[in-house]
Amino acid sequence: MRTLSLPLALTARISPVVVLAAAGWVLTSGPAATPAPRKESAPQSAGQPSSDGGASAAATTKRYSAAPAPCGSIGAATIKSLVPGAKTAGKEIPSTDPALRRTCSWNALKGYDYRWLDVSFEITESDAAAAKSYKENVTAKSGGGTVPGVGDAGYSVVNLTTEDKQQTREGVVMIQASNALVTVTYNGSDFESKKAPATDEINKGAIKAAKEAVAALQSGQKA
């Protein structure tokens, strides 16, 4: 087998050259997706201001006090399925504040197929702060659709990038759960055909990992 070198796009964490957004669907983990508007409505924060002073209480509502261990948030069977050949233990990325922000990464090249999976947790000071950050992140990655039934709000988008004729398809899933934000990034390339995995494969894989990550968050320590 000839020696393969990873394209600069992967080592630089995918700097888009040609981006084709997989736009306008309501994303589910089922076999089919149904159309949805490109622009998502702003998620509602937990609690709304009221005339009896409820605004102050809503601003400070929070459920989680610390980020869970990210490398233990995804099951070994899921890692083997999404990132064939990767060590299931994963590798935690150093953080300036591990109590509030933690990320784990898995990646492997098996034959000519490359896969990369990141799972990240961020704990904010309140539900309102998490909802604000979630809305900003969704706005910055337009062209995707909602992920229903996970956390308080969920969004997913899939993009295709091409560099030196090599395609890479990347899916990003963002979930707000109370005062926590969960972000999953999943991408892949085939270095023999120079094609990327199908949108559906990347989309469903990212959503599956996000569901497991949120479940790990919810079963962990709470404030």
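Modeller: Two residues are in contact here when heavy atoms of theirs lie within 4.5 Å. With that cut-off we can read this model, which is a predicted one, starting from a single residue, Ile79 in helix H3. Leaving aside neighbours within four places in sequence, Ile79 is in contact with Ile74, Pro84, Lys87, Thr88, Trp106 and Leu117.

Biologist: Is Ile79 buried or exposed?

Modeller: The relative accessibility of Ile79 is 0%, so Ile79 counts as buried. The C-alpha atoms of Ile79 and Gly90, which are 11 residues apart along the chain, are separated by 8.9 Å.

Biologist: Before we go further, how many helices and strands does the protein have?

Modeller: There are 5 helices and 9 strands, and from the N terminus on they follow one another as α-β-β-α-α-β-β-β-α-β-β-β-β-α. Buried residues account for 43% of the 223 residues, and among contacts between residues at least 6 apart in sequence, 65% join residues at least 24 apart.

Biologist: Where in the chain is the pLDDT under 50 or below 50?

Modeller: The pLDDT stays under 50 over residues 1-5, for which the model has 9 contacts beyond four places in sequence. It is also below 50 over residues 7-53, a stretch with 97 contacts in the model beyond near neighbours in sequence. For the protein as a whole the mean pLDDT is 81, with 71% of the residues reaching 70 or more.

Biologist: Let us turn to the sheet. In what order do the strands of the open sheet lie?

Modeller: The general idea is that strands of a sheet pair through backbone hydrogen bonds, in either a parallel or an antiparallel way. In this model an open sheet of 7 strands has the order E3-E4-E5-E9-E8-E7-E6, and the pairing is antiparallel. Strand E3 (91-93) and strand E6 (145-146) stand at the edges with a single partner strand each, so one side of each is left without a neighbour in the sheet.

Biologist: How many bridges join E5 to E9, and how many join E8 to E9?

Modeller: E5 is joined to E9 by 11 bridges, and E8 is joined to E9 by 9 bridges, with the strands running antiparallel in the E5 and E9 pair as well as in the E8 and E9 pair. To follow the register between E5 and E9, one can take Glu122, which stands opposite Leu181 in E9, and then Asp113, whose bridge partner in E9 is Asp190. On the E8 side, Met174 stands opposite Thr183 in E9. The hairpin of E8 and E9 has 2 residues between the strands, and Ser178 in this hairpin takes a positive phi near 55 degrees.

Biologist: Which helices lie across E9?

Modeller: Helix H4 (residues 127-140) lies across strand E7 (153-163), E8 and E9, and runs at about 155 degrees to E8. H5 lies across E5, E7, E8 and E9, and runs at about 150 degrees to E9. E9 itself is mostly covered, with 9 of its 11 residues buried.

Biologist: Which members of the largest nonpolar core touch the most other members?

Modeller: Of its 33 residues, these are Trp106, Leu117, Val119, Val173, Val184 and Leu217. At least two residues of this core come from each of helix H3 (76-82), strand E4 (101-110), strand E5 (113-123), strand E8 (166-177), strand E9 (180-190) and helix H5 (199-219), and H5 gives the most, with 8 residues. Leu117 brings us back to the starting point, since residues up to four places away in sequence are not counted and the residues that Leu117 touches include Ile79, Trp106, Val184 and Ala209. A second, separate core of 9 residues has among its members Ala130, Ala153, Tyr155 and Val172.

Biologist: Finally, how should I read the aromatic pairs, and how many are there?

Modeller: In general, a pair of aromatic rings is described by the distance of the centres and the angle of the planes. The count in this model is 2 aromatic pairs. Tyr114 and Trp116 form a tilted pair, at 6.5 Å centre to centre and with 50 degrees between the planes. The rings of Tyr114 and Phe191 have centres 6.2 Å apart and planes at 25 degrees, so this pair is stacked. The stacked pair links distant parts of the chain, with Tyr114 in strand E5 and Phe191 in the loop between E9 and H5, 77 residues apart.

Biologist: Are the rings of that cluster on buried or exposed residues?

Modeller: Tyr114 is buried at a relative accessible area of 2%, Trp116 is buried at 16%, and Phe191 counts as buried at 6% relative accessibility. Ring pairs link Tyr114, Trp116 and Phe191 into a cluster.

Key:
Residues numbered from 1 in each chain as written. Predicted model: local features only at pLDDT ≥ 70, side-chain atom pairs only at ≥ 80, totals over all residues. Heavy atoms only, no water. Core = buried A, V, L, I, M, F, W, Y, C linked by side-chain atoms within 4.5 Å. Buried < 20%, exposed > 50% of the residue type's maximum accessible area, 1.4 Å probe, protein only. Helix = DSSP H or I, 4+ residues; strand = E, 2+ residues; numbered from the N terminus. Pairing = 2+ DSSP bridges. Axes fitted to C-alpha atoms, helices over the stretch in contact; angles between N-to-C directions. pLDDT = per-residue confidence, 0-100. Phe/Tyr/Trp six-rings, centres within 6.5 Å; stacked < 30°, edge-to-face > 60°.
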